[in-house]
Every structure is written in C-alpha cells, then in structure tokens.
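These are my notes from going through the structure by hand, with helix packing taken up before the strands and a single proline left for the end.

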Amino acid sequence: MEQNGDVGGQWLYQPNVDEEDPLGRSSGSIHGELKVHSSIYSSLRLTSPREIMGYSDFPFLAKKGRDMRRFPGHKELWLYLKDFCEAFGLREMIRFNVRVEFVREEEEEDDDDVRRWIVRSKDTLSGKVMEEIFDAVVVATGHYSHPRLPSIKGMDSWKRKQIHSHVYRVPDPFRNEVVVVVGNSMSGQDISMELVEVAKEVHLSSKTLDISSGLSKVISKHQNLLIHPQIESLEDDGRVIFVDGSWVVADTIIYCTGYSYKFPFLESKGRIEVDDDRVGPLFEHTFPPCLSPSLSFVGIPRKLIGFPFFEAQAIWIAQVLSGKSSLPSSDQMLQSVTEFYRSRDLAGIPKHNTHDIADFTYCDRYADYVGYPHLEEWRKLLCLSALNNSQENLETYRDSWDDHELLQEALQSSHFTNLNP
C-alpha cells in the first residue's frame, strides 16, 4: 500500500509544499500525518556515487538521455526505482493512492499462536475506507519526513519566518534575506551553499565550530557565509542570539535539524515505542521480539549504504515469513536488544543515534542471517572515498574525484558484468 500515486517514496519529488506546516508539525491532523512525504529539495544530488547504490541484481547504470553523472540529481534515483519496478513487474503488486491509517493486532481468544493484523486504509482519491485482515505487516515508511526540531528559548513567539528543511525546495524565496541555517549536516551545508548565491547573508549555526576543511574552504570563499555556535535564544525584535553572545537580526530561520521516527498508524499497545528516536525493542533493527515475525520493519537503520542493506532486510523478512528461516526465541531476541543498548550506552552514543550504524562489519554480519553476500570491498572503499572527498572538497566532490582505479575495479566486478539481457 503506497499513499502516493507512484513509486519512489522519499525520491518522489513533491515541489508543492504550500499545504504543509512550515515546521512540519502534524498536530492538526487526526492521525499525526503530514501533507507532504518527501523532504527532497530541487537541487539535491546524491552524496554517494551511483555505483555503490544499486540492488544486487540491478546495477544503477548511467543511461543515455538521462542524468549520467556519477553523483546524479534526485530524479535519476527515482527513475532507477521506476526501472527496477518495471523490470520485475512490481507495480501490479502495489496499491497506489492508498494511505494506511490504522494497524493493530486482531484480538483472538482461541489461538495464541496465530497473530493477525487489522489494517484500515483509505483511498486518497475516492475517500473510500477499507478494513482488511492480514497475516503479517511490514512497515517500510521511511524516516525522512517528520521533522526533528530543537527546543530554543523564544522559538514559539518569534514572529519572523521559521521553516524546517522538510519544506525547503528552492533558494529564490530567500533572495536578499538574512537567513540563519540551524544544523551543519549534509542538508544544512547544501542549503547554505545554495542560499549564499541569493541571500544577503547566511549564518550557519553549528553544534561544533570544529568544522571540516571542505566547509572552511567554502566559508573563506563567500563573504556573506558565516559560522556560529548554537542559538541561545530568539528575541521579539528579530534578533537571533548565539551562545557566544554574538547576534544577528534575521528574516528567516531554516532548521536543518534532521528527522524523527514516527508511526502514527501503528497501535502496538506500548509494545513498540519511539523513545528519543530509539525504535524498540527491535531485534537487529528489524523484528520486535514479542510481535515477530508477523510485524517487521525495513529501513530503520541510518548511516549505511541503504539499498543493499534494505535488500538484505527484505530477504530476511521474506525467508522468515515463508518458513525458510526462523528467528531466535522472543527471550533471546530481547536479550540481544538489551545487550545492544548496553553497548551503545557504554560507548557514549546518545539514544537518538541508536540506529546510526556507520559500520560495514555490522552490515556483513547482518547479511549472514540470510546468506546474502557481504558488501563488495570496492563498494565499501568507494563509499569511504566519497566521504573523505566531501570532507576536503565540499563544493566539488560530486564532480571531481580521484578514485579511478576503484571505479574500474567496480565496473569489472560481477555486479556490473553479469547483466541479464
């Protein structure tokens, strides 16, 4: 079931954000839903080279007449997903324009072992509501839609414009403005570099002033781009006061502060909760111990090479649901989750970074559950090469690189040479 009219999820660009709350607050909606799912802005390009992103049996090839760059724009990845669906006949398995409004376990008295799910959905075109019963539910709704906002003194009463990057699309509305961009992540940097061409001034507020040499180069190049520490308060006269005592009178604040996990449709009676962006308990970020295998999640982990990992997740879930593979006992899974949480706490990792993996070894160990191949060495090295290049050459890394030998190794690998006609 897909709420939009086409495949792509986050990669289905939605240029019109007029109906969305500027800060992406969904409190006005009965189910806590947003009007707009995609958070992609017009100029967004991939931060990883296309070679590493393809599914195992469907390489992400450059096609004549399309965006053939190694780090293409977002439309190219959407077209890749459409091609994938076309090649494997997936469209006929998707109900488009169907929004899931409610999912809960069916209450069965007689048989504890059989778990079924009531799914209520709504056809967004006709308004027709359906209630059906399923043996299993896989949640694959993504996590780049619901804005995560900071708590800043004076934020609720500040009268000027405040938006979250969820609704940022193009720089033009900010022409000649003084803009404060909060958050020094990929999107914060991207949006700042784009705004600097049209805005009067761009003030980038960052948790740390220990910035990459790539960002330093950009700042030294543009007189109207300045970096600041975190914001202390917002004042009624339009001032944005930073923790070091400096201040600026701003027209707009753009919060590039990331996204939260939310499942407003899921009624789990407290058995799965989102606590400061820790979705849990989930065995290996996928199965809730007390509701598995009939409920599972794809795409929760972050900071990894997405498509190959999610493919491994999908294979594991399919194997478990079809009886080809089995899970440990509920107690064993819960024990594993508890140990994982403990290891993260001991490592000093904040709770809201629970699902940030950033570890190829984990991806390979995960693949072992299903006999999925380990990530190819060239995939890992191309990923790291792009990351390192972006740290050094933030403005140019997508168009200028020095990983030619690795690239040749990738293109000569079986991933690219074993193409079916």
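I began with helix H7 (residues 377-392) and helix H8 (residues 404-411), which in this predicted model pack at an angle of about 145°, their axes lying 10 Å apart. I noted the handedness of the crossing of H7 and H8 as left-handed. Listing the residues that meet, I found Trp 378, Leu 381, Leu 382 and Ser 385 on the side of H7, and Leu 406, Leu 407, Glu 409 and Ala 410 on the side of H8. When I sorted the residues of this contact by class, they divided into 6 nonpolar, 1 polar and 1 charged.

I then looked up a second helix pair, H4 (residues 306-321) and H6 (residues 360-368), for which I recorded an angle of about 25° and axes 9 Å apart. Because angles under 35 degrees count as roughly parallel, I entered H4 and H6 as roughly parallel to each other. The crossing in which H4 passes H6 is left-handed. From H4, the residues Phe 309, Ala 312, Gln 313 and Trp 316 meet Tyr 362, Cys 363 and Tyr 366 of H6. I counted 6 nonpolar residues and 1 polar residue in the contact of H4 with H6, and no charged ones.

Turning to the strands, I asked in what order the 4 strands of the open sheet run. I read the order as S3-S2-S1-S15, with mixed pairing. Strand S3 (129-134) and strand S15 (266-267) are the edge strands, each of them pairing on one side only. Within this sheet I followed strand S1 (residues 98-105) against strand S2 (residues 117-123), and found them paired in the antiparallel sense over 7 bridges. As one point to check in the viewer, I wrote down that Glu 105 has Trp 117 in S2 as its bridge partner.

My last entry concerns Pro 288, which I located in the loop between strand S17 (278-280) and strand S18 (295-297). Is Pro 288 buried or exposed? I entered Pro 288 as buried, because its relative accessible area is 0%, and buried means under 20%. Leaving aside neighbours within four places in sequence, I found Pro 288 in contact with Ile 272, Pro 281, Leu 282, Leu 295, Ser 296 and Phe 297. I also took the C-alpha to C-alpha distance from Pro 288 to Val 337, which came to 9.6 Å, although the two are 49 residues apart in sequence.

Technical notes. Residues are numbered from 1 along each chain as its sequence is written. This is a predicted model: local features need pLDDT of at least 70, side-chain atom pairs count only at pLDDT 80 or more; totals for chains, interfaces and linings use all residues. Side-chain values use heavy atoms; hydrogens and water are left out. Axes are lines fitted to C-alpha atoms, for helices over the stretch in contact, and angles run from 0 to 180 degrees between N-to-C directions. Helices (H or I, at least four residues) and strands (E, at least two) are DSSP runs, numbered from the N terminus. A crossing is left-handed if the near helix is turned anticlockwise from the far one by less than a right angle, and right-handed if clockwise. Contact means heavy atoms within 4.5 Å. Ala, Val, Leu, Ile, Met, Phe, Trp, Tyr, Cys and Pro count as nonpolar, Asp, Glu, Lys and Arg as charged, and the others, Gly among them, as polar. Two strands pair if DSSP finds at least two bridges between them. Buried means under 20% relative accessible area, exposed over 50%, partly exposed in between (1.4 Å probe, protein chains only). Angles under 35 degrees count as roughly parallel, over 145 as roughly antiparallel, 65 to 115 as roughly perpendicular and the rest as oblique.
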